[in-house]
Amino acid sequence: MKTVLITGGTGLVGNALTNALLAKGYQVIILSRSVSGKEAVANLSYARWDVKNQEIDMTALLAADYIIHLAGAGVVEKRWTEAYKKEIVESRTKSSGLIFEALKDNAGPNKVQAIVSASAIGWYGADTVPVKSFVETDEAADSFLGQTCKLWEESIEPVTSLGKRLVKLRIGIVLSNDGGALAEFKKPVRFGAATILGHGKQTVSWIHIDDLCRMFIA
């Protein structure tokens with residue numbers, strides 16, 4: 001039975017992905033800043049890490065066959081002050097750096113075969129009218145989100161120097177009835193208003209959470 005170590009495993013995507021992995025017979029370890037009150041159940045356990053202090057539970061790392069890296073401060077939860085923009089970037093780059101350093105320092109004992117790291121379609125910049133098609137090799141947009149994605153992907157890239165397979169998934173807006181963007185879109189409907197986002201003619205690139213989970217597992 002293979003073991004998957006997940007960062008950011010308690011969020012919307014992390015919860016759905018954990019359930020999907022367990023259903024497929026994987027063992028799952030979720031890295032969390034606090035394991036207090038989190039009880040292990042069949043094939044699911046929790047381990048502590050502290051990105052700020054660059055600490056990680058090495059027992060969990062050495063048990064992992066695969067790492068799924070989802071950790072990062074949310075981009076829609078708070079206003080983009082300069083301090084929060086810094087947190088958005090560093091929560092991604094410093095957590096990637098911690099993973100790399102831990103793998104490098106334990107290159108002999110660890111058995112990690114691949115790392116799947118989340119990124120976002122913010123790499124490409126805002127959708128335009130008329131719609132412009134993007135390709136994977138396009139440069140990152142010269143915007144906060146575009147440059148954040150660039151730094152995010154660059155920060156995890158060093159794991160390839162350790163002989164690890166790296167997959168970077170640029171994810172669109174994730175739709176789920178359990179929260180996230182869809183929950184925000186639906187709020188005005190409760191008050192009898194179906195609002196138009198932006199000018200109403202823009203493209204919205206989205207993916208259903210079940211399809212996203214299948215992409216991670218494939």
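**Salt bridges and overall build of a predicted model**

The count of salt bridges in this structure comes to 10. The structure is a predicted model, and these ion pairs make a handy way into it.

A good pair to start with is Asp65 and Lys111, which form a salt bridge with their closest N and O atoms 3.7 Å apart. Asp65 sits in the loop between helix H2 (58-63) and E5, while Lys111 belongs to the loop between H3 and strand E6 (114-120), so this salt bridge ties together parts that are 46 residues apart in sequence. The two partners can be told apart by their surroundings: Asp65 is buried, at 5% relative accessibility, whereas Lys111 is partly exposed, at 42%.

Other salt bridges stay within a helix. In helix H3, Glu90 and Lys94 lie four residues apart, about one turn of the helix, and their side chains meet at 3.5 Å, N to O. Both ends of this pair are partly exposed, Glu90 with a relative accessible area of 28% and Lys94 with one of 41%. Helix H6 (residues 209-217) offers another case, in which Arg214 and Asp211 are three residues apart and so separated by about one helical turn. The N to O distance in the salt bridge of Arg214 and Asp211 is 2.5 Å. Here Arg214 is exposed, with 52% relative accessibility, and Asp211 is partly exposed, with 35%. Elsewhere, salt bridges with shared partners link Glu153, Glu157, Lys168 and Arg170 into one network.

One member of that network, Glu153, deserves a closer look. Glu153 is part of helix H4 (residues 144-156). What does Glu153 touch, leaving aside residues up to four places away in sequence? Its contacts are Ser119, Trp123, Lys168 and Arg170. Is Glu153 buried or exposed? With a relative accessibility of 6%, Glu153 counts as buried, because the cut-off for buried is under 20% relative accessible area.

Stepping back to the whole, the protein chain has six helices and 10 strands. For 218 residues, a compact globule would have a radius of gyration near 17 Å, and the 18 Å found for the protein chain agrees with that. Along the principal axes, the C-alpha atoms fill a box of roughly 55 × 35 × 35 Å. Buried residues make up 37% of the 218 in the protein chain. Contacts across long stretches of sequence are well represented: among those with a separation of 6 or more, 66% involve residues 24 or more positions apart. The accessible surface of the protein chain is about 12400 Å², and carbon and sulfur atoms account for 53% of that area.

On that surface, Val75, Val76, Trp80 and Leu145 make a nonpolar patch of about 340 Å². Val76, one of these residues, is placed in the loop between strand E5 (66-69) and helix H3 (82-105). At 71% relative accessibility, Val76 is exposed. Val76 also illustrates how the fold brings separate parts of the sequence together: Val76 and Ala181 are 105 residues apart in sequence, yet their C-alpha atoms are 9.0 Å apart in space.

The cysteines give a simple picture. How many disulfides does the structure hold? The count is zero. Cys149 is in no disulfide, and the nearest cysteine sulfur, that of Cys213, is 19 Å away. Cys213 is likewise in no disulfide, with the sulfur of Cys149 as its nearest at 19 Å. As a disulfide requires sulfur atoms within 2.5 Å, this separation explains why the two are not paired. Both cysteines are buried, Cys149 at 4% relative accessibility and Cys213 at 3%.

Finally, the backbone has two spots worth pointing out. Most residues other than glycine have a negative phi. Asn43, which is not a glycine, has a positive phi of about 65°. Asn43 is located in the loop between strand E2 (27-32) and strand E3 (44-50), where it is partly exposed, with a relative accessible area of 34%. Gln54 also has a positive phi, near 55°. The place of Gln54 is the loop between E3 and strand E4 (55-56), and at 39% relative accessibility Gln54 is partly exposed too.

Definitions and conventions
Residues numbered from 1 in each chain as written. Predicted model: local features only at pLDDT ≥ 70, side-chain atom pairs only at ≥ 80, totals over all residues. Heavy atoms only, no water. Buried < 20%, exposed > 50% of the residue type's maximum accessible area, 1.4 Å probe, protein only. Patch = residues over 30% accessible without salt bridge, like charges linked within 9 Å, V, L, I, M, F, W, Y side chains within 5 Å. Areas by Shrake-Rupley, 256 points an atom, 1.4 Å probe, with all protein chains shown as cover. Salt bridge = Lys/Arg side-chain N within 4 Å of Asp/Glu carboxyl O. Helix = DSSP H or I, 4+ residues; strand = E, 2+ residues; numbered from the N terminus. Rg over C-alpha atoms; globule rule 2.2 N^0.38 Å. Contact = heavy atoms within 4.5 Å.
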